[in-house]
Amino acid sequence: MTDADIQKAVKTALAQGQVTKDAQGLYTVVLPPGTVLDAGGGATSKGGLGGYHGSFDDGHGNPIYYAAIAYSDTKGNGINFDGKPQDNINITESHEWMEAMTDPDVNSTIPGRGLGWYDDVADGEIGDLMMPQELQAGRPISQSFEKDAGGFMQQMEWSNKDKLFEIDTTGNRTKAAGNS
């Protein structure tokens with residue numbers, strides 16, 4: 001599925017009333033097993049793409065926000081974090097949802113909208129910063145996520161306040177392994 005296919009799926013769901021239009025909504029499309037996600041420019045789920053987020057014009061100059069998530073499995077589609085497709089999907093969803101909050105108009109063509117929060121030094125959005133730093137430090141990718149209180153896997157994110165990667169899983173701050 002291409003980005004045009006993803007946008008069409010969101011537009012169709014909105015037009016048919018399958019989902020309610022919400023100016024603050026983020027419409028997430030999770031692809032079925034075996035479906036290749038193609039973000040364009042050679043980036044596909046067969047080459048390590050787990051998902052992405054973006055926005056498009058609703059025809060009246062207003063953004064419609066969406067996220068596309070590959071069904072990440074152990075067969076080389078998407079990102080295999082822990083061998084469990086549901087966890088892989090949850091981790092990718094949390095990554096894209098966090099980025100959609102901090103940088104909702106990353107690819108917007110709507111005048112006056114565009115890149116929001118972006119780390120020019122590390123060359124990435126908030127969710128992109130975790131994995132390269134963990135891998136460069138020699139820690140396994142499993143150090144980049146934890147289960148939340150509901151049992152769902154989530155990617156940890158950088159905290160400027162605490163100066164570490166973390167996720168609030170129980171109401172208490174938890175530190176990423178290997179960070180102090």
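Visitor: Which way do β1 and β5 pair, and over how many bridges?

Guide: This is a predicted model, and in it β1 and β5 pair in the parallel sense over 5 bridges. One place to look is T28, whose bridge partner in β5 is A67.

Visitor: Which residues of β1 are on its covered face, and which on the uncovered one?

Guide: Y27 and V29 make up the covered face. On the uncovered face you'll find L26, T28 and V30.

Visitor: Back to β5. How many bridges join β4 to β5, and do they run parallel or antiparallel?

Guide: Here the strands run antiparallel, with 7 bridges joining β4 (residues 51-57) to β5 (residues 63-69). Pick G54 and you land on Y66, its bridge partner in β5. The two strands form a hairpin with 5 residues between them. In that turn, check the backbone of G59, which has a positive phi of about 100 degrees.

Visitor: Is β4 mostly covered or uncovered?

Guide: Mostly covered: 6 of its 7 residues are buried.

Visitor: Now the rings. What describes a pair of aromatic rings?

Guide: Two numbers do the job: the distance of the centres and the angle of the planes. This structure holds 3 aromatic pairs. Take F56 and Y66: their centres are 5.7 Å apart and their planes sit at 45 degrees, so the pair is tilted. F56 belongs to β4 and Y66 to β5, so this pair ties together parts that are 10 residues apart in sequence.

Visitor: Are F56 and Y66 buried or exposed?

Guide: F56 is buried, at a relative accessible area of 8%. Y66 is buried too, at 0% relative accessibility. The cut-off for buried is under 20%.

Visitor: What sort of pair do F81 and F145 form?

Guide: An edge-to-face one, at 5.7 Å centre to centre with 80 degrees between the planes. This pair links distant parts of the chain, 64 residues apart: F81 is in the loop between β5 and α2, while F145 is in strand β6 (residues 145-147). F81 has a relative accessible area of 8%, so it counts as buried. F145 is buried as well, at 9%.

Visitor: Which residues form a cluster with F56, and what lies over its face?

Guide: Y52, F56 and Y66 form one aromatic cluster. K11 lies over the face of F56, at 5.0 Å from the ring centre.

Visitor: Let's try a polar side chain. What does H53 make a polar contact with?

Guide: Its partner is E125, side chain to side chain, at 2.9 Å. H53 sits in strand β4, and at 5% relative accessibility it counts as buried. Leaving out residues up to four places away in sequence, H53 touches several others, including Y66, A67, E96, E99 and A100.

Visitor: E96 and E99 take me to the helix. How should I read a helix like α2, and what span should its 18 residues have?

Guide: As a general idea, an α-helix has 3.6 residues a turn, so residues three or four places apart point the same way. For the span, the 18 residues of α2 should cover 26 Å at 1.5 Å a residue; the end C-alpha atoms are 26 Å apart, which agrees.

Visitor: Which residues of α2 are buried, and what do they pack against?

Guide: Among the buried ones are I89, I91, H95, E96, E99 and A100. The buried residues of α2 pack against β1, β4, β5, β6, β7 and β8.

Terms used: Residues are numbered from 1 along each chain as its sequence is written. This is a predicted model: local features need pLDDT of at least 70, side-chain atom pairs count only at pLDDT 80 or more; totals for chains, interfaces and linings use all residues. Side-chain values use heavy atoms; hydrogens and water are left out. Buried means under 20% relative accessible area, exposed over 50%, partly exposed in between (1.4 Å probe, protein chains only). Helices (H or I, at least four residues) and strands (E, at least two) are DSSP runs, numbered from the N terminus. Two strands pair if DSSP finds at least two bridges between them. Rings of Phe, Tyr and Trp (its six-membered ring) pair if their centres lie within 6.5 Å; planes under 30 degrees apart count as stacked, over 60 as edge-to-face and the rest as tilted. A charge sits over a ring if NZ of Lys or CZ of Arg is within 6 Å of the ring centre and within 35 degrees of the ring normal. A polar contact is a pair of N or O atoms within 3.5 Å; within protein, one must be able to donate a hydrogen and the other to accept it, and residues adjacent in sequence count only if both atoms are side-chain atoms. Contact means heavy atoms within 4.5 Å. The expected span of a helix is 1.5 Å times one less than its number of residues.
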